[in-house]
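The following note is offered to a colleague who is beginning to read protein structures. Please keep the structure in view while going through the points.

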Amino acid sequence: MIPAAAQPHHAPQHASATETHLADVWRVVVLNDPVNLMSYVVMVFKKVFGYSEQRARKHMLEVHEQGRSVVWTGVREQAEAHVFALQQWHLTAVLETETAS
Amino acid sequence: MKRVEVKLNLAVVAPLLDVIRAAADDLRPMLAVDPRLPANDAEFAAEWTRELLAAQNSDLGRFLALFNAEFFVDGVIALDTPNSEPILRACSAVRLRLREKYLRPLGDETLETGEVPPDKKLTANQRRAFAADVFLATLQELIVQHLDPTALE
């Protein structure tokens, strides 16, 4: 849908991640902001994660009402790719580990 | 997404373009949102930021190209499959910058509702920035409705 020049880039490869970190469970967390529209956030969740309308909307409402939502959990490399994609859409997305919480 | 042509009121939109272009210029060397990366790998963080910045600048270029000489003749912008997502993202980046530069003192509730309380006095810059923010949000809503008709507020 987007021409090659404007296609979202992939997250840079993390060359220095340790094997321990790669084996950990990482969470992708989206934080609230007062600017991005609810419909925009729902659309981004559907686009980035392939979520259904219902699931995307549930996460959007969590972000809006609770200030944050864990939108994805898994291995670090994939979590980084998701955070990068969300940041390309200008959502405030951060990575957390189980131990960081 | 089918091609959509939107006719804008030149008298309303043209005065907003200066503040929009200035915000877009501010964003050439900086991201609209701090990426909040782990601090333990500076090289990785720098590469991550550089790639996000390249994507952001590409989107902003596509967005600003809407307001070319032809736009000032007929006030029409054309949205289609290739440009809709870059424009959506660019609107978001510019709105975030407008908030940082002018609108933060108005409070988050004002920005979320799009309504300024009657007792709130705005500076001239804040008035222009607020109007630009409302315009960009409206443009985003229009694009989202065409890209994703199931997305409701």
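1. Which residues does Thr110(B) touch, not counting residues up to four places away in sequence? Taking contact as heavy atoms within 4.5 Å, Thr110(B) touches Glu115(B), Val116(B), Pro117(B) and Phe130(B). Thr110(B) is found in helix α5 of chain B and is buried, its relative accessible area being 6%. Buried means under 20% relative accessible area, exposed over 50%, and partly exposed in between, with a 1.4 Å probe and protein chains only.

2. The model is predicted: local features need pLDDT of at least 70 and side-chain atom pairs count only at pLDDT 80 or more, whereas totals for chains, interfaces and linings use all residues. Residues are numbered from 1 along each chain as its sequence is written, chains are lettered from A and ligands numbered from 1 in the order in which they are written, and side-chain values use heavy atoms, with hydrogens and water left out.

3. Helix α6 of chain B covers residues 124-147. Helices (H or I, at least four residues) and strands (E, at least two) are DSSP runs, numbered from the N terminus. From first C-alpha to last, α6(B) reaches 35 Å, close to the 34 Å expected at 1.5 Å a residue; the expected span is 1.5 Å times one less than the number of residues. Phe130(B), already met as a contact of Thr110(B), is among the buried residues of α6(B). The buried residues of this helix pack against elements of chain B, including α1 (10-26) and α4 (81-103), and against α2 (38-49) of chain A.

4. The largest pocket has a volume of about 420 Å³. Its lining has 26 residues, and Val35(A), Asn36(A), Leu37(A), Met38(A) and Glu112(B) lie nearest its centre. The largest share of the lining, five residues, comes from α6(B).

5. Salt bridges (a side-chain nitrogen of Lys or Arg within 4 Å of a carboxyl oxygen of Asp or Glu) number 17 over all chains. In one of them, Arg89(B) pairs with Asp59(B), with the closest N and O atoms 2.7 Å apart. This pair links distant parts of the chain, helix α4 and helix α2 of chain B, 30 residues apart. Both Arg89(B) and Asp59(B) are buried. Salt bridges with shared partners join these two residues with Lys47(A) and Glu85(B) into one network.

Notes. 1 Å grid on protein atoms, 1.4 Å probe; cavity = no way out; pocket = protein on both sides within 12 Å on 5 of 7 lines; lining within 4 Å. Points joined across faces, edges and corners; volume = space filled by probe spheres on them.
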